[in-house]
Amino acid sequence: MNNANPKNTILIATGGTGGHIFPSLSIINQIQNHLLIIITDERGKNYFNNSFINKEINFKIFTHRVSSPSNKFLINKLKSFFQFFISTFQSILLILNYKPVAVIGFGGYPSVAPILAAKIFNIPSIIHEQNTVIGRANKLLCKISDVLALSFSKTKNLPKIKKSIYTGNPVRKEFYEIGKHKYLLPNKKSEYFYILIYGGSLGSSFLSEHLTSIICSLPQDMKKKIKIIQQVRKEEIEFVRESYKINKIDSEISSFFEDISIKFKIAHLIITRSGGSSVAEILASNRPVIFIPLPTALDNHQYENARFIESNKGGWLISQTNKNISELENLIKNILLNPNKLVEASNQIKKLSNKLKRLRDNKTPTDFLCECIFKIKNNNKKVVSSIC
């Protein structure tokens, strides 16, 4: 780790799922001249370490084991409160040792104690919410943090507070670059129609099983025109790959794509879950999408995320139920028969993106949130309040 000015130390606290990690990574890439103290869980630690390979970033990672206190079993509740006490004690020690000038939380239970510790030491803090429904950790933290940064201008279940600001959800600059270019369909009969299918950071057995079956059942004249790029779980790779091979469908199958933005760039249609990061990537890249929300997502936030895009005519929403499989099949066939629907959807996403951009003074979510961070870092809370 390189030497860093202690006055430029920032503490970042986040849960370990991709939805929490990805926006924090976008911010880190923008403020990497600072010393970054990162608090996360084991999953997050692996994400960060893999992302920082070959990058000159000053960082230290600390893992806190914190579980949900909403578990119905008393023993698990007690365990959760004990973990929270330990996490708070560890956060206090880290703050005393590294003296961060600002603390940024990206949701998830590992972010609770660090924000609380920041409050104890009167260190300015921001928490960022990725979804249309505020998460439970952030719902608690927004009452003690200095600023609540929102990915959606109309976030549900917000407590009555006067310090929220719409920033959008940060994504990597590669997605913004894709969005600068006009969406185009294949212009030659010899060109493939690319369909990108991925299930978020954990993959999706539902997509692997049912979506693969739907694509394999398409008419032969459709199958020969498409190329499938699909993320699946490791244990399902052979099944999916063999299914496409038998049906003579060109495909690229992997459990993880090193750079998903490259796949976005060539995709004509994206089929995915609707976590906060996926929605943000769609908005940034202006790619038409079919969302299949994860039905077990807390507070049904993935459904609400997808509804935001669908209600603005930028894509389609299909609920994950067996009775909706035929609806999904008919939708895919209809799109392939009428590809101009995708051009219309991309244009609608572009209009929505531009409308939201104006709410951020024509800045990207990454730039706008970083601007907010620098303001509170300099203890200029009055300036932050004026744009909240």
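This chat walks through a sheet and some helices in a predicted model.

Student: Hi! What should I know about the model before we start?
Tutor: It is a predicted model, so local features need pLDDT of at least 70 and side-chain atom pairs count only at pLDDT 80 or more, while totals for chains, interfaces and linings use all residues. Residues are numbered from 1 along each chain as its sequence is written, and side-chain values use heavy atoms, with hydrogens and water left out.

Student: Cool. What is the strand order in the open sheet of 6 strands?
Tutor: The order is β10-β9-β8-β11-β12-β13, with parallel pairing. Strands here are DSSP E runs of at least two residues, helices are H or I runs of at least four, and both are numbered from the N terminus. Two strands pair if DSSP finds at least two bridges between them.

Student: Which strands stand at the edges?
Tutor: β10 (250-254) and β13 (315-317) do; each has a single partner strand, so one side of each is left without a neighbour in the sheet.

Student: And how many bridges join β8 to β9?
Tutor: There are 5 bridges between β8 and β9 (residues 226-231), in the parallel sense. β8 also pairs with β11 (residues 269-272), again parallel, over 4 bridges. L196 has I229 as its bridge partner in β9, and L196 stands opposite I270 in β11.

Student: Is β8 mostly covered or uncovered?
Tutor: Mostly covered: of the 6 residues in β8 (193-198), 5 are buried. Buried means under 20% relative accessible area, with exposed over 50% and partly exposed in between, using a 1.4 Å probe and protein chains only.

Student: What lies across β8, β9 and β10?
Tutor: Helix α9 (residues 237-246) does, running at about 175° to β10. Axes are lines fitted to C-alpha atoms, for helices over the stretch in contact, and angles run from 0 to 180 degrees between N-to-C directions. Contact means heavy atoms within 4.5 Å.

Student: Switching topic: at roughly what angle do α1 and α15 cross?
Tutor: The axes of α1 (residues 18-30) and α15 (residues 365-377) cross at roughly 70° and come within 10 Å. That makes α1 roughly perpendicular to α15, a label for 65 to 115 degrees; under 35 is roughly parallel, over 145 roughly antiparallel and the rest oblique.

Student: Which residues in α1 meet α15?
Tutor: S26, I27 and Q30 in α1 do, and they meet T366, D367, L369, C370 and I373 in α15.
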